[in-house]
Amino acid sequence: MTKRFFAVLRYSVVAAVMAGFLVFSGCSDDDNGPTTFTGTIWDYINQDQFKQATSGNADTALDSLIMYLNYPAYADLKANLTGTTDFTLFAPSNTAFKNLTALPGLADPDQVNPDIIKGVLAYHMVQGKKTSADLTAGASLSTIYKAPGASANDVITVNSDGSLLTGSSNKSIQITTKDQLTTNGVVHTTATVLIPNATGSQLSAILGSLAASVLLGKDFTYMAYLIGYADTGVGAADQFTTKLATGSNLTLLAIPNPVFQAMAGSTTDAQVKTAITTAFSSPAIARAVLNNHLLTTKYTVAGSTGTTKFGATSTISAISGKVISVTTGVPAGTCQCTTGVVLGAEKTGGGSSTAPIVKADISAQAGIANGVLQVVGGIILP
């Protein structure tokens with residue numbers, strides 16, 4: 001399902017391509033104003049006339065929106081469109097989604113954190129029936145999306161010309177067809193996907209960097225949580241996010257979700273997060289752990305052009321100052337990896353921690369411009 005989605009974020013963040021839209025039958029204007037479609041919003045957008053296979057026109061088709069809303073994880077969003085409570089849906093066309101397919105670092109939407117996808121979809125829904133008469137200059141529409149940690153739901157603002165201001169870099173998103181009335185609300189179509197304000201701010205700062213790969217990645221939601229925890233209470237210059245976003249020639253030893261789940265002895269989200277904040281009992285300790293996982297040289301298993309091959313030296317240094325040993329040629333059955341590379345370090349107070357590289361040399365193909373990502377099967381402790 002998520003193929004093509006982050007897909008979903010590109011041109012909404014970096015550019016918008018507007019296209020003409022036809023007025024649809026079933027909700028057209030006449031002398032008495034628009035008629036009401038005799039069905040729900042969900043029924044309305046599922047009509048054959050909005051399927052590209054039928055119309056042959058991506059500018060009027062809504063198949064992509066339907067595809068995302070049909071995903072089981074977003075059933076509560078779909079329920080808003082099938083019920084009896086009034087909603088306003090801003091419905092991006094297939095063209096809107098297609099125009100977002102080249103977001104740096106998100107070429108494979110299957111790797112996008114589904115919570116981000118859900119947030120973007122939720123941002124297209126407003127409780128109540130908001131017709132064009134309500135979309136006046138300066139109007140602020142409270143969507144059903146609330147950013148993590150926010151005190152209020154994210155809003156869409158109406159510009160003086162009736163266009164929409166959101167978190168996209170496009171500050172004048174046009175509504176291409178207005179007032180498509182249904183029994184439980186109204187649909188307004190757009191040729192641009194709407195991006196929540198908080199999401200837009202985050203994306204503009206991290207796109208194309210190692211930060212995007214981890215903070216937006218489906219496989220690294222707990223490392224993203226650890227980074228957010230570590231960045232608490234420190235200035236931007238000292239935040240780990242800033243280092244990942246603005247540094248160059250870096251190697252990030254990225255810790256995937258199963259490592260944290262194994263540490264917690266649970267796959268339950270709340271229990272894993274509790275285990276993280278218990279094990280790393282302060283933001284300072286969390287920063288120390290993360291700093292063990294960032295190297296200021298591009299290291300690769302393959303030793304590709306412009307990088308240093310793991311094993312060229314027996315030790316390397318992390319930005320924390322921790323000396324990390326490099327062992328190569330380790331049998332797969334011993335390291336539980338196919339790369340044969342295991343990194344290790346002495347822990348304060350004795351003992352050691354190891355982290356085999358389980359997925360190697362992720363860089364250009366993932367849209368990462370400032371370094372290399374190595375997925376590791378362990379945590380290098382302070």
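**Exercise 1. In this predicted model, find which cysteine a disulfide joins to Cys335, and work out its handedness.**

Step 1: Look at the sulfurs. Those of Cys335 and Cys337 sit 2.1 Å apart, and the cut-off for a disulfide is 2.5 Å, so this pair is joined.

Step 2: Count what the rule gives you. The total comes to 1 disulfide.

Step 3: Check the torsion. About the S-S bond of Cys335 and Cys337 it's about -100°, so the disulfide is left-handed.

**Exercise 2. Are Cys335 and Cys337 buried or exposed?**

Step 1: Grab the cut-off: buried means under 20% relative accessible area.

Step 2: Compare. Cys335 has 7% relative accessibility, so it counts as buried. Cys337, at 5%, counts as buried because of that value.

**Exercise 3. Work out which residues of helix α7 are buried, and what covers them.**

Step 1: Walk along residues 114-122. You'll pick up Ile116, Ile117, Gly119, Val120, Leu121 and Ala122 as the buried ones.

Step 2: Look at what packs over them. The cover includes α4 (63-69), α5 (75-82), β2 (125-127) and α9 (210-215).

Step 3: Peek at the start of α7. There, a side-chain oxygen of Asn113 comes to within 2.9 Å of Asp115's backbone nitrogen.

**Exercise 4. Which helix gives the most to the largest nonpolar core?**

Step 1: Size up the core. It has 53 residues, and those with the most contacts inside it include Met223, Phe310 and Leu343.

Step 2: Name the helix. That's α10 (residues 221-230), which contributes 7 residues.

Step 3: Don't miss the other core. Lying apart, it has 42 residues, including Tyr74 and Ile195.

Methods. Residues numbered from 1 in each chain as written. Predicted model: local features only at pLDDT ≥ 70, side-chain atom pairs only at ≥ 80, totals over all residues. Heavy atoms only, no water. Buried < 20%, exposed > 50% of the residue type's maximum accessible area, 1.4 Å probe, protein only. Helix = DSSP H or I, 4+ residues; strand = E, 2+ residues; numbered from the N terminus. Contact = heavy atoms within 4.5 Å. Polar contact = N/O pair within 3.5 Å; in protein donor to acceptor, adjacent residues only side chain to side chain. Core = buried A, V, L, I, M, F, W, Y, C linked by side-chain atoms within 4.5 Å.
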